[in-house]
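Visitor: Please take one part of this chain and look at it closely. I would like to see how that part sits in the whole.

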Amino acid sequence: MRILFVTTTLGTRGGIQRVTTVKANQFAEIPGNEVAIAFSDRLGWPENAIHPLSPKVRVFDMDSPFWDREPKRFDILWRFPAKALRLRSKIKEVVDEFKPDVVISTGQFEKYIIPFVRIFNRKYITVREYHFSSDYRQLEQFTRHGKVTWKPRLINFFENTLVSRLFDGNFLLTRQDKDEHFKNAGRFDFMWNPSSFEIIDKIDFSQKSKTVLAAGRLTDQKNFKELLKIWAVTDRADWRLRIIGDGEHKEDLKALAVKLGIADSVEIAGYSNAVQQEMNSASIFVGTSRFEGFMLVIVEAMSQGCVPVSFKTPYGPADIIEDGKNGFLTEMHDDSTFARKLSELIADENLRRRMAEAARIRAKEFDVTAICRQWMDKYAALLLKK
């Protein structure tokens with residue numbers, strides 16, 4: 001099968017770039033596959049690319065920039081038709097040369113262009129991947145302003161109701177998102193993101209520290225201020241909370257830890273290049289995000305024998321964690337229950353060990369090999385249908 005990813009860039013540090021690279025590398029290892037990635041914006045590629053790309057994956061630099069400048073709002077509108085026509089021409093050149101069976105949009109600017117590259121006599125299928133939840137604009141605006149205006153609703157209607165009809169398949173990140181918004185929409189399906197972390201064969205509990213780990217950007221979305229308030233009422237004994245990541249709330253979080261009297265057990269560690277090692281040595285992972293697309297970080301923590309405790313964040317955790325078996329789920333902003341479940345794990349070593357092993361086994365279902373085999377089945381079914 002010839003698989004072509006079309007995306008904005010590989011030259012930035014981001015989830016879309018990471019997942020696209022991981023999947024492309026794995027697809028290229030499947031006998032009979034040929035894989036390519038075409039991107040419109042060079043940005044930091046290849047100097048600043050942090051996601052290793054297999055030499056088996058062909059790269060097309062379309063040199064049709066969309067992100068490389070900071071135009072004003074009306075400048076974007078004025079330049080959009082020219083940018084769209086140029087990108088359409090470039091994608092068509094790649095399609096004519098590579099002759100794909102599957103053309104995949106990673107859900108950025110190219111999603112408006114791909115359906116119109118070939119309108120007639122198209123022999124390939126088009127697939128749109130969602131790398132955010134289908135209603136992330138509303139969730140983001142509500143998080144920032146406490147209300148949702150007409151603009152994100154209109155954009156979502158346009159993308160989810162109209163643009164989606166132009167693709168052969170639209171794949172959300174979670175079952176929860178599909179069930180809540182597209183339960184009876186046959187053109188929608190879901191596929192989980194794969195983990196790029198190697199799943200450990202055996203958990204060495206002697207190397208596990210008394211650390212509760214959290215990871216992510218220090219922003220309103222990740223909601224670490226609420227996490228600190230939860231930690232303040234958790235029966236934590238001699239345990240510590242370690243938050244890795246950087247962002248605008250860093251100093252605010254440090255000040256809040258002092259105000260709550262927990263500064264001696266909280267570490268705002270900043271950005272880390274060794275997240276997998278951090279997870280391997282921690283015992284518990286916590287998630288308090290207000291919204292997410294999938295929350296792959298939970299899967300990654302589980303793959304290292306880290307027991308997750310998370311809000312039922314829209315979306316992701318409910319697809320990943322089996323409550324009471326390989327972690328704990330609590331309702332959004334139910335801080336007392338969250339603290340109680342966290343306290344249980346801290347106090348009960350046998351419970352932690354049992355859940356950690358169950359979490360490690362659960363993580364295997366998100367292994368890149370397993371996920372890409374499922375993708376291959378999805379592509380084959382769409383090709384057969386076409």
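Guide: Take strand β2, which covers residues 34-39. Five of its six residues are buried, so the strand is largely enclosed by the rest of the structure. Keep in mind that this is a predicted model.

The partner to look at is strand β1, made of residues 2-7. Strands β1 and β2 run parallel, and six bridges join them. For one position in this pairing, find Ile3, which stands opposite Val35 in β2. When you follow such a pair along its length, a general point helps: in a regular strand the side chains alternate between the two faces of the sheet.

Now step back to the whole chain. Strands β1 and β2 belong to a chain whose secondary structure comes to 13 helices and 13 strands. The chain has a radius of gyration of 22 Å, and the globule rule gives 21 Å for 386 residues; the two values are close, so the chain is as compact as a globular protein of that length. Its C-alpha trace spans about 65 × 50 × 45 Å along the principal axes.

Burial can be followed at this scale too. Of the 386 residues, 54% count as buried. The accessible surface comes to about 18200 Å², and carbon and sulfur atoms account for 51% of that area. As for contacts, take those between residues at least 6 apart in sequence: 70% of them join residues at least 24 apart. The charged side chains number 60 positive and 52 negative, and the centres of these two sets lie 5 Å apart.

Two residues in helices can be set beside the strand. Gln138 has its place in helix α3, residues 136-145. The relative accessible area of Gln138 is 16%; buried means under 20%, so Gln138 counts as buried. Apart from neighbours within four places in sequence, Gln138 is in contact with Val148, Pro152, Arg153 and Asn156.

Glu278 is found in helix α8, residues 275-281. With a relative accessible area of 14%, Glu278 is buried as well. If residues up to four places away in sequence are not counted, Glu278 touches Leu213, Arg242, Ile244 and Ser272.

To return to the part you asked about: strand β2 is largely enclosed by the rest of the structure, and its parallel partner is strand β1.

Definitions and conventions
Residues are numbered from 1 along each chain as its sequence is written. This is a predicted model: local features need pLDDT of at least 70, side-chain atom pairs count only at pLDDT 80 or more; totals for chains, interfaces and linings use all residues. Side-chain values use heavy atoms; hydrogens and water are left out. Helices (H or I, at least four residues) and strands (E, at least two) are DSSP runs, numbered from the N terminus. The radius of gyration is taken over C-alpha atoms; the globule rule is 2.2 Å times the number of residues to the power 0.38. Buried means under 20% relative accessible area, exposed over 50%, partly exposed in between (1.4 Å probe, protein chains only). Contact means heavy atoms within 4.5 Å. Accessible areas come from the Shrake-Rupley method with a 1.4 Å probe; for residues, only the protein chains shown count as cover. Lys and Arg count as positive and Asp and Glu as negative; His and the chain ends are not counted. The place of a charge is taken as NZ of Lys, CZ of Arg, CG of Asp or CD of Glu. Two strands pair if DSSP finds at least two bridges between them.
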